[in-house]
Structure formats: structure tokens, C-alpha cells
Amino acid sequence: MDDMLKEFVVEALDLATNVEEHLLSLERNPGDMNTLNAVFRSFHTIKGGAGFMNLSAMVSACHLTENLFDALRTGQVPVTPEAIEAALEASGFVADQLTALNNGTEPDKLSTMPKSLEKMLTDAIEMKGVSKKSAATKAKAPEAPKVAEKTTAAPAAKKENTGEVDWDAYYRAVTPPGTLPDVEAEASESEAEEVHAPTPREETEAVKSSLSGGEVKQSAPAKEESIRIDAVKLNVLLEVAGESVQAANQAAVLLEKLSQFKFDGQAAPLMSALTETLTRASRYSTELQRATLATRMQPVGRLFQKFPRLIRELARDLGKEVDLNIAGAETEVDRVVVDSLYDPLVHMLRNALDHGIETAEERINANKSPRATISLKAWQEASSVMIEVTDDGKGMDAQRLRDKAVSKGLINAHDARTDDEAFQLVFLPGFSTKEVASSVSGRGVGMDVVKTAVERHRGAIRIASQLGTGTTFLIRLPIELSIVPTMLVRTDGASLALPMATVQRVVELPETFESVGGQPVLRDLGRPLPVKSLGKVLGYTPTSERVGIVIAAPNPYILSVDSVDGTADLVIKPLTCISTPGITGTARSAEGELVLVISLSFLIDGCKTRERITA
């Protein structure tokens, strides 16, 4: 893909995503002229670029959709569900074409515009197949912009008998006043000219000729406030920045050791200068790393804006009435996390719609509103980003989940005794409460994919549910994937790192403990907490573990270690060749020692490893 086509695809994909968001907003507020104009401009911009790139199918789809929105803006056609559906289909077709180009498909290999889409757009323009209820709202359709009444009077008079579309008038309608020359002067000069509405091919040729001939007059270029950088280059920069911080930290440790020696004569000022230089280098390398990390941060709204249409279409297919409420879209997280969360969130939303939300009749019988609500919320908490998916459906039956898992041979009859453990069963591979698989769910793979994707990015997921009230899925992810604030501990001589997101405090352990059911227990702030040996859990041979770390989890506990060596922000290297339960990656301490990083989800799950039972 050449650079010009690549740039067009990136820009057009952003516009296509925003189009869907605007269309769904327009469906809720049919009289919103700003949204109508925004959609028109988006399709017009995509069409212009597609024409210059000789993407004929995309030009045709955008051109028909422009015609539809001309009719919507002038009130000739009301904003009906049929019109919105046609525009959404056109937007989907354009997005599919752009995605194919982005994936390396040659422009001449793209599919043509389906006849069904052409018919759908044409019918929407001609109001064919519009329901009586939708047609009855025509009287309430938005009026044409008042600003166009004056500026388009002369062109409209010339075109009233031709049936052609006055593109110039509509262009003026969405252009700020005073930007273009007076229309009366232009009209007087062109009275003798034949009025002719451009076809898509003519518009394409006009764009090409004007660009190639240099006829476009431009003022001084506006100052660019952002540039696009290849993700691979950005990752390399982040890697180098992280290594520079590690090198600076190791140099600081060496300098501290050198300061224990006495330097006389000319060596004393040299040591002083070296200390000052290394301090400055360490500060700058840290600032470089933070600035590089900031360039990878993106708001989760970029991800969330893809889901309203998904919920709308799936709810329609399932015959359910559902509203999607989104909050915290401005919360920023690492770009890699944003890109990888789409599939997990799709599975969770589909699961909520199919399993959690009842039909309108069932909700009325349960004294609920017939229209259900699914909430998608994000917020920042310390060094983590929290993403919550909540529905007000029927909730989960913990006992039913246990029985189903036992019947499928996934667990023993004595496992998953608490409700929290029972809820976690939905993440087991092959688990599903559906007797018959459907196009939406029932094959037992969706929620397993969710947990795998979350844990791959050192995150954790929990479930809270109340029968008859609803269910909440809570995902915790590190805001930054490359750097993790950790507490350094030691057991059996091995250096380990615990994510600070789970650490509450450090306590001193006694030589003997109380015992409850054979499990050592220590009272912390008046509550009895089980004590677990980190060394034993990971397969080490613990010696004298007299330091305890209170772990913040749904079921809090104390993790015993030999000693605590302090805290550090570590640059994590993921494990790629091997998979070790409880270990998510490695890092280097300031002293250069190899450190194993404990998984966040492993700690939140109580340091448990679950083995699948074979039938």
C-alpha cells in the first residue's frame, strides 16, 4: 500500500467509526441538524478521497448515502428506522472496504457495492417500505437549515424543474457564513450556463484535475498539532527508553557503592561531578520514558464507541429491548490494551444480552421495566484502569453453575463451594449453561477467551451477581503495560515482584499461628485472614518466612515471604517461550538481578492453580 492510500485509509476509518456513533445518536434525536450535517460531511469527505484513489464501489455507496442525507436535511424524507438502517449498512460496507485495504487487499480486488445495499438506500430515499408509524413522523422531520434559505434562493429557482441536486447550495449550507464569495454575484455570472448536477465520475475527475493542475488556492498551511507514527517505531522507542532507565538505576547503585570509599585530591571533585551528571541523566531518562509511554495512551472511548451498534443489532435479533449506557470514555490506557479488549468486551456484551437480559414479558412479570439496561463504565484506580460491564438482568444462579460444571466433568463435587468461586466457573473452557448452541452463545468458548485475553495483559477479572437483580463483570488492567509498580520480596533466595495494585500493607508474622480447618490464620485489624506461603505455592523451599503481605482480593489473605527489599517500577519482559503458573514475566532490578514478576490475576485468585478434570 502506497503512503497516500495508507493515509486515506487511516483517516477514513476514523470517520467511518464516528459515522456509526452519529447515526445511532440521530436515531434517538431525529431533529438534531448538527448530527445530520456531521454525517453528511463524513460521507462527503470519504467519497472525495475514495474518488481520488479510484475506489468506485466506495464512491457509489457514499454518493447514494449523501443523496439520502440531502433528503433528510431538507425534510423531503423523515428520519425513520429504515433510513438509519440503510445508512448503517452503507457505513458498514465502507468500513469493510477500508478494513480490507488496511489488511493489504489491492484496490482492484475489492468487492463491488451489493445490489441489496443500493436498493436499500434507494428505497430509503424514495420512502419505499417505510412503516406507517415512521411515515406518520414525517411532519416532525427536521426543517432545512435557515441559513440556506437566503444563500440557495437563486440556484434553487434554476433547478426546480430539472430534478437535479444543487450540490453548491448544500455545500454552502454547511460552510460557515463569510467563508465563500456572495452567491448573488456568482449567480449573475452563471445565469446563462446550463445547470448540471455532477455525477460521481465527474466529481472524481474534477478532484483529480484540480489537484494535478494546482488550481486549488490555499492560504498558509495550518499548524499541525499531531502526527502519525508507526506503532513499531513507537515500541522500539519505548524499549530503548525503558533500557535507559534500567541503566541509569544500575549506575546509581554503583555510584552509591563507590561513595563508601574515600576519594582524595583530584578524585573528589570528579566524583562530585559524576554524581551530579548521573542524577541528571537518571531524571531525564525517567522523563523520556514517561513521555514515550504517554504517546501510547489512548482513551477507551475509541473502543467503546464501537459497541452501541452491536447492542442495537443483537438486541433486535434476540427480540429484546436494551439501552447501552457508557461512562468514563475519556479514561486513558495503553494502546495495546485498547486494541486487544475488543473481542473480550464483545463476548461479555453478547453474553449479557443472551444469558442475562430477560425478554420484555419476563421483565414485566418480575416487576421490572420492559427495557433493560447494560452499563459500560471505565475509570482509573491507582495504577490500574477498571472496566465494568453491568446488566440489570436475571443474575447468576451459583448452584446451577456448580451442577452444570460437575455434570460436564470440569470440577469435582467438592469444588467451588462459595458463590464467588462458582461465578468463576463460567471462565472454564467448554463451560456453558446453554443446552443448544446458537449463533450468539452456547459453545463454551467465549468467556474463556475473555479471561485469557485479560490475563495476557497482566490483568484480572471478577464477577459479582445477585439472582433476580443483575450481574457485574469487573476487569482490572495496568494502565501501562511496560512499567509496573511492584514490591520486591525474597523467598528461598529468589527475588520476586508483587504488583502494588494488590498490596495493602506489610505485617510481622509470629512464630506460631492459630489454625482453622488446618489452615494457619492470623488476625489483622480484627479479622482472621488465612496465611499462605509464597515459596510453597511457587515450588520453592521456604526457610523462615516472618514477613507477611496483606493481599487485596475478594477474599483477602496474607502472603508470607522471607523479606521485603523495597519497591520499584520495573520494566516487564513477558514470558514467551514457557508458561509458569503464577509468573507473568521477568525484569531486572536496579542491582541487575533477575526478578520474577507474579501475576496479578494469580494473586487476586488466592494463589490457586486449577487443573481441568478429565471425564
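Student: Which residue forms a salt bridge with Glu455, and how far apart are the closest N and O atoms?
Tutor: A salt bridge here is a side-chain nitrogen of Lys or Arg within 4 Å of a carboxyl oxygen of Asp or Glu. This is a predicted model, in which local features need pLDDT of at least 70 and side-chain atom pairs count only at pLDDT 80 or more, while totals for chains, interfaces and linings use all residues. Residues are numbered from 1 along each chain as its sequence is written, and side-chain values use heavy atoms, leaving out hydrogens and water. Under these terms, the partner of Glu455 is Lys451, with the closest N and O atoms 4.0 Å apart.

Student: Is Lys451 buried or exposed?
Tutor: Lys451 shares helix α21 (residues 446–456) with Glu455, helices being DSSP runs of H or I with at least four residues and strands runs of E with at least two, numbered from the N terminus. Buried means under 20% relative accessible area, exposed over 50%, and partly exposed in between, with a 1.4 Å probe and protein chains only. Because its relative accessible area is 18%, Lys451 counts as buried.

Student: How many residues apart in sequence are the parts that Lys573 and Glu243 tie together?
Tutor: The side chains of Lys573 and Glu243 meet in a salt bridge, at 3.1 Å from N to O. Since Lys573 belongs to strand β17 (residues 573–574) and Glu243 to helix α12, the parts tied together are apart in sequence by 330 residues.

Student: Which helix gives the largest share of the largest nonpolar core?
Tutor: A nonpolar core is a set of buried Ala, Val, Leu, Ile, Met, Phe, Trp, Tyr and Cys residues joined through side-chain atoms within 4.5 Å. The largest has 51 residues, and those touching the most other members include Phe304, Met348 and Phe473. Its largest share, six residues, comes from helix α17 (residues 342–356), so the helix asked for is α17.

Student: Which residues does Asn351 contact, leaving aside neighbours within four places in sequence?
Tutor: Asn351 is placed in helix α17, and it counts as buried because its relative accessibility is 17%. Contact means heavy atoms within 4.5 Å, and by that rule the residues in contact with Asn351 are Gly356, Met447 and Phe473.

Student: Is Val240 buried or exposed?
Tutor: Val240 lies in helix α12 (residues 231–258). Because its relative accessibility is 52%, Val240 counts as exposed.
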